[in-house]
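Here are some short exercises to work through with the model open beside you. Try each task before you read its solution.

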Amino acid sequence: MNRAVIKFSSEDCGICHKMSFYDKKVSQELELDFIDVKMQDTATYRKYRKILLTQYPNKEEMGWPTYLVCDSPEGDFQIIGEVKGGHPKGEFRKRLQEVIN
C-alpha cells in the first residue's frame, strides 16, 4: 500500500512556493510519495478533490499550503493526518514524522 503526501496549494501563494524548495524532498526522505495539487490545475485538482473535501467539506479550515497524508490516494483512500501552513524545513520534517508515527 502506498502512502502519500498530497500538497494542496495555490500558484499565487508565496509560502506555498517557498515550501516547494524542500517539501517534496523531505516527503521522499520519509519514504512517502508526493503529489502536488495546485488549485489552478483543474484536472489534477478534480482527481484529488474528494480527499480534500473529506477533510474540509467547505474548505474553510484549510491552511496554505495544506498537506494531507493518506494511504492509497489513487483508490480507497484513508487520511492519516495533516500538516497545515508554512514551516521551516526541520519543523516540516518533524511534523510529517509525527503524522506517520
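A polar contact is a pair of N or O atoms within 3.5 Å; within protein, one of them must be able to donate a hydrogen and the other to accept it, and residues adjacent in sequence count only if both atoms are side-chain atoms. Keep in mind that this is a predicted model.

**Exercise 1. Around Ser10**

Find where Ser10 sits and work out which side chains make polar contacts with the side chain of Ser10.

Solution.
- Step 1: place the residue. Ser10 belongs to the loop between strand 1 (3-9) and helix 1 (14-19).
- Step 2: check its exposure. The relative accessible area of Ser10 is 12%, and buried means under 20%, so Ser10 is buried.
- Step 3: look for polar partners. The side chain of Asp12 makes a polar contact with that of Ser10 at 2.4 Å, and the side chain of Gln40 makes another at 3.1 Å.
- Step 4: look beyond the neighbours within four places in sequence. There, Ser10 is in contact with Cys16, Gln40 and Trp64.

**Exercise 2. Sorting the cysteines**

Decide which cysteines are joined by a disulfide, and explain why Cys70 is too far for a bond.

Solution.
- Step 1: apply the cut-off. A disulfide needs two cysteine sulfur atoms within 2.5 Å. The sulfurs of Cys13 and Cys16 are 2.3 Å apart, and a disulfide joins them. The structure holds 1 disulfide.
- Step 2: find its hand. The torsion about the S-S bond of Cys13 and Cys16 is about 85°, so this disulfide is right-handed.
- Step 3: test Cys70. Its closest cysteine sulfur is that of Cys16, and the distance is 18 Å, so the two are too far apart for a bond.
- Step 4: add the exposure. Cys13 is buried at 14% relative accessible area, Cys16 is buried at 2%, and Cys70 is buried at 0%.

**Exercise 3. Checking helix 4**

Test whether the end-to-end distance of helix 4 agrees with its number of residues, then find which side its buried residues lie on.

Solution.
- Step 1: work out the expected span. The rule is 1.5 Å times one less than the number of residues. Helix 4 (residues 89-100) has 12 residues, so it should span 16 Å.
- Step 2: compare with the model. The end C-alpha atoms of helix 4 are 17 Å apart, which agrees.
- Step 3: pick out the buried residues. In helix 4, these include Phe92, Leu96 and Val99. They cover an arc of only 55° around the axis, so they lie on the same side of helix 4.
- Step 4: recall the geometry. An α-helix has 3.6 residues a turn, so residues three or four places apart point the same way.
- Step 5: see what this side meets. The buried residues of helix 4 pack against strand 1, helix 1, helix 2 (23-29), strand 3 (66-71) and strand 4 (78-84).

**Exercise 4. Following the salt bridges**

How many salt bridges does a search of the whole structure find, and which parts of the chain do the pairs Arg3 with Asp71 and Lys47 with Glu74 link?

Solution.
- Step 1: count. The search finds 8 salt bridges.
- Step 2: take Arg3. Arg3 forms a salt bridge with Asp71, their closest N and O atoms being 2.6 Å apart. This pair links distant parts of the chain, with Arg3 in strand 1 and Asp71 in strand 3, 68 residues apart. Arg3 is partly exposed at 28% relative accessibility, whereas Asp71 is buried at 7%.
- Step 3: take Lys47. Its salt bridge is with Glu74, at 3.3 Å between the closest N and O atoms. Here too the pair links distant parts of the chain: Lys47 is in helix 3 (residues 42-55) and Glu74 in the loop between strand 3 and strand 4, 27 residues apart. Lys47 is partly exposed at 46%, and Glu74 is partly exposed at 49%.
- Step 4: look for a network. Salt bridges that share partners join Lys25, Glu29 and Arg93 into one network. Within it, Lys25 and Glu29 meet at 2.6 Å, N to O; both lie in helix 2, 4 residues apart, about one turn of the helix.

Technical notes
Residues numbered from 1 in each chain as written. Predicted model: local features only at pLDDT ≥ 70, side-chain atom pairs only at ≥ 80, totals over all residues. Heavy atoms only, no water. Buried < 20%, exposed > 50% of the residue type's maximum accessible area, 1.4 Å probe, protein only. Helix = DSSP H or I, 4+ residues; strand = E, 2+ residues; numbered from the N terminus. Contact = heavy atoms within 4.5 Å. Arc of directions from axis to C-beta. Salt bridge = Lys/Arg side-chain N within 4 Å of Asp/Glu carboxyl O.
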